[in-house]
Amino acid sequence: MDRSPLLELARTMGMVRSRADERLVQAAETGGEADLSPLSVVESHVSETLLRWLLTYGPARALCSRTPLRIRGAIFDAVIDLAGSAVDVPLSFTDCQFFAGIRLAAARLSGLRLAGGALFPLPHDDSASTSSRRALDAVRMESSSDVLIDGVQIHRGLNLQRVTVRGMLRVHSDPLRQTEAFGIDMHEAEVSGPVLITWDRPSDSSVTPVAELVLEKAHLAGGLRIEPKLLRTPTGPLPDHRPGSRRLRLSAADLRVDGVVTLRWLDLELVGLRSARIAGDVEIYGCRVSPPDLIGEDGVPTLDLRHAHIEGVLDLYGTTERAVRPTSIQGDARFEHAYVGVLADHPENWGLTTATPRAGVHLDGVRIGGFAHGSPMSRGDLRQRWVELGTERAAARHAPFSVEPFRTVAARQRESGDDGAATRLLIRGEQLRFRTMRNSASPRARFVGLLAAAIYGPIVAYGYRPGRAALIMIGLWIASTFVFWYGWNHAKFVPTEPWVYAAYRPALTSTLETRRFPPDQERGYRDLTLPPDSTGAENLPEYTVFYAPAFAADALLPFVELGQERAWQPVGWVRAWMWLHILGGWLLASFLIHGVNRLVRS
């Protein structure tokens with residue numbers, strides 16, 4: 001048998017104590033796999049001190065192979081502590097049992113793969129933080145290659161805070177072996193490749209082994225995908241989760257993703273992407289997003305996109321997939337001050353197909369680049385109902401009403417060519433705004449709200465139907481023309497100049513001819529009763545002829561001077577009609593100008 005320098009060195013230093021230790025040393029030297037699975041349970045125990053010695057002791061490293069160190073079927077009773085160490089070869093553990101966990105804090109690895117086996121929590125340390133009780137403590141770990149955790153029975157969870165992985169990070173679990181839900185903490189992690197969180201699940205099960213995923217302030221250059229590996233694609237609703245069972249909680253505030261975020265076929269408690277910056281699409285479909293069992297739906301944010309920036313499509317029903325079930329959202333969807341490039345949603349996302357919608361939508365300050373073409377939500381009434389969901393929840397909490405969401409969504413509808421739906425949405429927003437004012441505690445606000453509901457809304461639809469004001473003005477002009485014509489023929493008009501009326505009372509009975517008056521009118525003729533056929537009548541000056549249509553237009557249109565209203569004035573009931581006519585003209589002209597101005601600005 002060939003002599004093994006590495007084995008002799010290990011024996012000399014007292015590192016080898018069992019057959020399992022010998023096989024591990026030989027595999028490290030030759031580059032083969034240390035397969036301990038044929039050994040008995042008692043013989044499979046490996047010294048964690050030996051493993052650290054092989055990976056970090058200089059003379060031992062000089063005798064080891066540069067190929068990955070592969071171990072199968074080993075049992076480690078103590079902590080695998082490589083904290084702060086630099087390991088220059090990838091590590092691979094298959095079907096190994098780590099009864100005291102793994103500590104890789106501040107370690108520099110060349111790659112890590114855990115496949116099968118079990119990973120138990122680190123020993124309790126009163127001086128340590130709660131995160132140190134995870135099964136894997138890898139705070140500030142750096143890996144120059146992939147980190148793969150496949151099918152491992154994980155207890156407590158994985159602490160991957162501030163890790164730097166120059167490759168893929170994948171965690172795949174088997175619910176049949178996973179006895180308890182676990183968490184993954186990747187706070188401020190940096191991963192250059194894709195991050196994949198997956199598990200095996202039959203299509204008729206809602207078991208979610210991952211209870212919490214923390215990605216706050218993380219940077220994922222290769223995207224994020226969280227989904228179970230299904231035997232077949234489900235088309236019906238997710239099975240009801242068992243009371244008290246955990247659902248996935250995604251906390252990813254200030255997350256930065258350079259690729260696509262995909263969440264599929266999940267039972268979620270929270271999708272928290274507040275202030276996230278995502279350069280690609282966000283696909284959330286086939287999921288159920290609902291608040292915790294012990295908390296009511298109202299006011300609980302389950303889809304939190306406040307201040308988020310999504311450059312691509314926010315897909316909530318699977319526009320690129322066939323036979324996809326739309327995501328069901330309960331609780332509150334928060335879009336305040338977010339930017340969404342394209343929104344692709346479905347009525348079932350918000351429960352709009354039911355009598356009582358399940359979700360509340362908050363859209364204050366949201367910016368939406370557009371809506372997906374061919375979306376089931378393209379119907380104007382559905383989109384209007386969607387916008388109203390947020391106002392209903394705000395009213396229930398006595399929050400101030402904002403009309404901005406209506407204007408934002410209407411602008412996108414107008415850009416897509418649906419002007420009718422956009423106008424109806426804007427009208428609905430103004431209607432709700434003035435309705436809120438009617439319920440205000442301020443007397444002035446209540447008066448404005450009542451006035452708008454009684455006049456402004458019915459006449460010109462809050463300024464969005466200015467054509468109505470023009471039609472009403474035309475109708476009022478025609479009606480007043482008839483009234484003024486009737487009044488003239490029944491002596492209900494007199495000249496506005498007193499001396500004209502006093503001097504030529506008999507001449508005023510004729511309506512369609514010009515009358516002339518004495519040239520010395522400045523002396524005053526209040527008591528003069530000169531008949532129209534008197535001598536010198538042909539030399540009298542002209543006076544404006546009364547013309548009913550012109551008088552009606554002169555009184556109706558503000559800032560228009562035709563001379564009729566200045567020359568003639570009605571008396572009796574015709575005078576009362578004229579004041580109503582003038583008031584209507586000012587009101588309708590104001591509505592018309594305001595409405596035209598709104599159309600020009602939009």
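Start by selecting V289, which sits in strand β30, residues 288–289. Keep in mind as you go that this is a predicted model. V289 is buried, with a relative accessible area of 2%. Now show its surroundings: leaving out residues up to four places away in sequence, V289 touches L268, V271, T302, T327, S328, I329 and Q330. While you are here, draw a distance from the C-alpha of V289 to that of L248. The two are 41 residues apart along the chain, and the gap between those atoms is 9.3 Å.

**Zoom out for a moment**

Colour the whole chain by secondary structure. You should find 14 helices and 39 strands. The chain has 602 residues, and 52% of them count as buried. Contacts often reach far along the sequence: among those between residues at least 6 apart, 64% join residues at least 24 apart.

**Two cysteines to click on**

Select C287 next. C287 is buried, at a relative accessible area of 2%. Then jump to C96, which is buried too, at 1% relative accessibility. How many disulfides does the count come to? It comes to zero. A disulfide is a covalent bond between the sulfur atoms of two cysteines, and here the cut-off for calling one is a pair of cysteine sulfur atoms within 2.5 Å.

**Along strand β5**

Select residues 91–94, which make up strand β5. In a regular strand the side chains alternate between the two faces of the sheet. Turn on side chains and look at β5: L91 and F93 point one way, S92 and T94 point the other way. Are these residues buried or exposed? All of them are buried.

Now add the strands that pair with β5. Strand β2, residues 69–72, runs parallel to β5 and is joined to it by four bridges. To see one of the pairings, pick L69, whose bridge partner in β5 is L91. Strand β9, residues 112–115, also runs parallel to β5, again with four bridges between them. Here, pick F93 and look for L114, its bridge partner in β9.

**A four-stranded open sheet**

Select β3, β6, β10 and β14. These four strands form an open sheet in that order, β3-β6-β10-β14, with parallel pairing. Which strands stand at the edges? They are β3 (75–76) and β14 (153–154); each has a single partner strand, so one side of each is left without a neighbour in the sheet.

In the middle of your selection, look at β6 (residues 97–98) and β10 (residues 118–119), which run parallel and are joined by two bridges. Click Q97 and you will find A118 of β10 standing opposite.

**Two loops with a twist in the backbone**

Most residues other than glycine have a negative phi, and most peptide bonds are trans. The next two stops go against the phi part of that.

Go to K217, in the loop between β21 (210–214) and β22 (219–220). K217 is not a glycine, yet its phi is positive, about 60°. Its relative accessibility is 49%, which counts as partly exposed.

Then go to W265, in the loop between β26 (261–264) and β27 (267–272). W265 has a positive phi as well, about 55°, and is not a glycine either. Is W265 buried or exposed? W265 is buried, with a relative accessible area of 6%.

**A pair of helices**

Two packed helices are described by the angle between their axes and the distance between the axes. Select α7 (residues 404–415) and α8 (residues 419–438): their axes come within 8 Å and cross at roughly 170°. That makes α7 roughly antiparallel to α8. Show the side chains where they meet. From α7 the residues are F406, R407, V409, A410, Q413 and R414; on the α8 side, the list includes D419, A421, L425, R428 and L432. By class, the contact has eight nonpolar, three polar and five charged residues.

**Last stop: helix α12**

Finish with α12, residues 548–556, a mostly covered helix with eight of its nine residues buried. Highlight the buried ones: A548, A550, F551, A552, A553, D554, A555 and L556. What covers the buried residues of α12? The cover includes α10 (466–489), β38 (493–495), α13 (564–567), β39 (568–570) and α14 (573–601). Switch those on one at a time and watch the cover build up around α12.

Conventions:
Residues are numbered from 1 along each chain as its sequence is written. This is a predicted model: local features need pLDDT of at least 70, side-chain atom pairs count only at pLDDT 80 or more; totals for chains, interfaces and linings use all residues. Side-chain values use heavy atoms; hydrogens and water are left out. Buried means under 20% relative accessible area, exposed over 50%, partly exposed in between (1.4 Å probe, protein chains only). Axes are lines fitted to C-alpha atoms, for helices over the stretch in contact, and angles run from 0 to 180 degrees between N-to-C directions. Angles under 35 degrees count as roughly parallel, over 145 as roughly antiparallel, 65 to 115 as roughly perpendicular and the rest as oblique. Contact means heavy atoms within 4.5 Å. Ala, Val, Leu, Ile, Met, Phe, Trp, Tyr, Cys and Pro count as nonpolar, Asp, Glu, Lys and Arg as charged, and the others, Gly among them, as polar. Two strands pair if DSSP finds at least two bridges between them.
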